[in-house]
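Me: I am new to this structure and would like to learn how to read its features one at a time. Could we begin with how burial is judged, and then move on to strands and helices?

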Amino acid sequence: MRVTGLAAEGAESAPGAKRLELCDVARPERRTPSDVLVRVLCVGLDGTDREIVTEKYGVPPAGETALTIGHESLGVVVEAATDSFLKPGDAVCALVRRPCSDPDCTACRNGQQDFCESGNYVERGIKGANGYLSEYYVEDARFLVKVPVSAMAYGVLAEPQSIVEKVWDEVQRIQQRLVWQPQTAVVLGSGPLGLLAAFTCRCLGLETIVWSKSPQDSAGAALVRDCGVVYKEAESNSGSESASLNDYLRQAGKRADLIFECTGYSPLAFEAMTALGPNGVLALLGVTPGNRSIQLPADRVNQGLVLENKCVLGSVNASRKDFETGLFRLQQIEAKFPGLLRRLVTDRLKLEDVSGLDFSRIGIKAVIDLVPQEQWTELVNQAGGEAVYSFSV
């Protein structure tokens, strides 16, 4: 599944040139001993895929005008070197970002391409490299993570969950600056990322509030309530008292120790800086499109950050460790709240359905099945040993 009519990086596509098309391409082949051939079982779609299809986003591989989309993957190994840590029949998911080649980029030189300093990284399905919404792909074994057979049903969520885990890992490091005993987390937004953040906060034992513009009877609101999360529908009238996140927290007598901003709505991100409690951490995860300008109480924001030791961090993409932690967390969520992850995926589609997909009609999360789920057990080695990880929880 490819977006065609794209321009090279730094250039704009001609108006109306972009199209989402189902294309026939040659089956990829392994070229180096470290290469692994993977058959794709399913791919998840998210807001980035929507922006690539509908907005001025997405960069094709060098010299090309089309990009295979899809960066949330679940597949099964078909071919791998005999001395690889992977073998045919292993279920895997794939990292998204690849390191840049800039010798001055300390992060990429040390395997931390999610902190790339040059900006010249490549991201499969997003920037400079084809993604995974295809029957097969080839990837270096270094960028593949084994998925436990027991987690197959929700393994495609490893990539978005890795984003949440990266934030929690950073928060733990930052908060070593003091004795920190967080009690309340606030999640802004009830999309897939916001819901995973809310589930994670509940697993961490935090009282959790989800603040979202979706109505109280939405599927997302029902999901978070079913795991003990308070759901608050933001008022549509931005001028009313009840529309303020600050006012709501004050009236509820709650202090926000940790805030996940998952909407990409910049006015709410700045409001969250003032809503954050003393010594708290605000994590900005939503990418803001457009060129919106707002007026804000800059002195009050600055005073709060300084006088109350607040921390604001931005985070995107994730490392191998975060994927491994994410797979552990997904299993923890499933054990603690059975069926919640299955309900998160509201739309299961076939590959041929994607070219005419209306993203606005997706309930919460769409997953494209390239192999019917009932056939997965035939392809995956059920007797294979469980994955051994090194991660932070």
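Reply: A residue is called buried when its relative accessible area is under 20%, exposed when that area is over 50%, and partly exposed in between, with a 1.4 Å probe and protein chains only. Please keep in mind that this is a predicted model, in which local features need pLDDT of at least 70 and side-chain atom pairs count only at pLDDT 80 or more, while totals for chains, interfaces and linings use all residues. Residues are numbered from 1 along each chain as its sequence is written, and side-chain values use heavy atoms, with hydrogens and water left out.

Me: Is lysine 127 buried or exposed?

Reply: Lysine 127 counts as buried, because its relative accessibility is 12%. Its place is in the loop between strand E8 (122–124) and strand E9 (128–129), where helices (H or I, at least four residues) and strands (E, at least two) are DSSP runs, numbered from the N terminus.

Me: Which residues is lysine 127 in contact with, leaving aside its neighbours within four places in sequence?

Reply: Contact means heavy atoms within 4.5 Å, and by that rule lysine 127 is in contact with Glu9, Val59, Gly119, Asn120, Tyr121 and Val122. A polar contact is narrower, being a pair of N or O atoms within 3.5 Å; within protein, one must be able to donate a hydrogen and the other to accept it, and residues adjacent in sequence count only if both atoms are side-chain atoms. Here the side chain of lysine 127 reaches the backbone oxygen of glycine 119 at 3.2 Å.

Me: How should I read the sheet that contains E8 and E9?

Reply: Two strands pair if DSSP finds at least two bridges between them. On that basis E7, E8 and E9 form an open sheet in the order E7-E8-E9, with mixed pairing. Strand E7 (97–98) and E9 each have a single partner strand, so one side of each is left without a neighbour in the sheet. E7 and E8 run antiparallel and are joined by two bridges, and arginine 97 stands opposite glutamate 123 in E8.

Me: What is the order of the six strands in the other open sheet?

Reply: The order is E14-E13-E12-E15-E16-E17, and the pairing is parallel. At its edges are strand E14 (230–233) and strand E17 (311–314), each of which pairs on one side only. Axes are lines fitted to C-alpha atoms, for helices over the stretch in contact, and angles run from 0 to 180 degrees between N-to-C directions; with direction ignored, neighbouring strands of this sheet are turned by 15° against each other on average.

Me: How many bridges join E15 to E16?

Reply: Five bridges join strand E15 (residues 256–261) to strand E16 (residues 276–284), and leucine 258 has valine 281 of E16 as its bridge partner. On the side of E12, four bridges make the link to E15, with valine 187 partnered by phenylalanine 260. E15 is mostly covered, since six of its six residues are buried. Within E15 lies aspartate 257, which is buried at a relative accessible area of 2%. Not counting residues up to four places away in sequence, aspartate 257 touches Trp180, Pro182, Gln183, Thr184, Leu276, Gly280 and Val281.

Me: Which helix lies across E12, E13, E15, E16 and E17?

Reply: That is helix H7 (residues 266–275), running at about 155° to E16. A crossover is right-handed if, with the strands pointing away from the viewer, the path from the first strand over the helix to the second runs clockwise, and E15, H7 and E16 make a right-handed β-α-β unit.

Me: At what angle do H6 and H7 pack, and which residues meet?

Reply: H6 and H7 pack at about 30°, with axes 9 Å apart. Leu245, Asn246 and Leu249 in H6 meet Leu268, Glu271, Ala272, Thr274 and Ala275 in H7. By class, this contact has five nonpolar, two polar and one charged residues, where Ala, Val, Leu, Ile, Met, Phe, Trp, Tyr, Cys and Pro count as nonpolar, Asp, Glu, Lys and Arg as charged, and the others, Gly among them, as polar. At the start of H6, a side-chain oxygen of serine 244 reaches to within 3.2 Å of the backbone nitrogen of asparagine 246.
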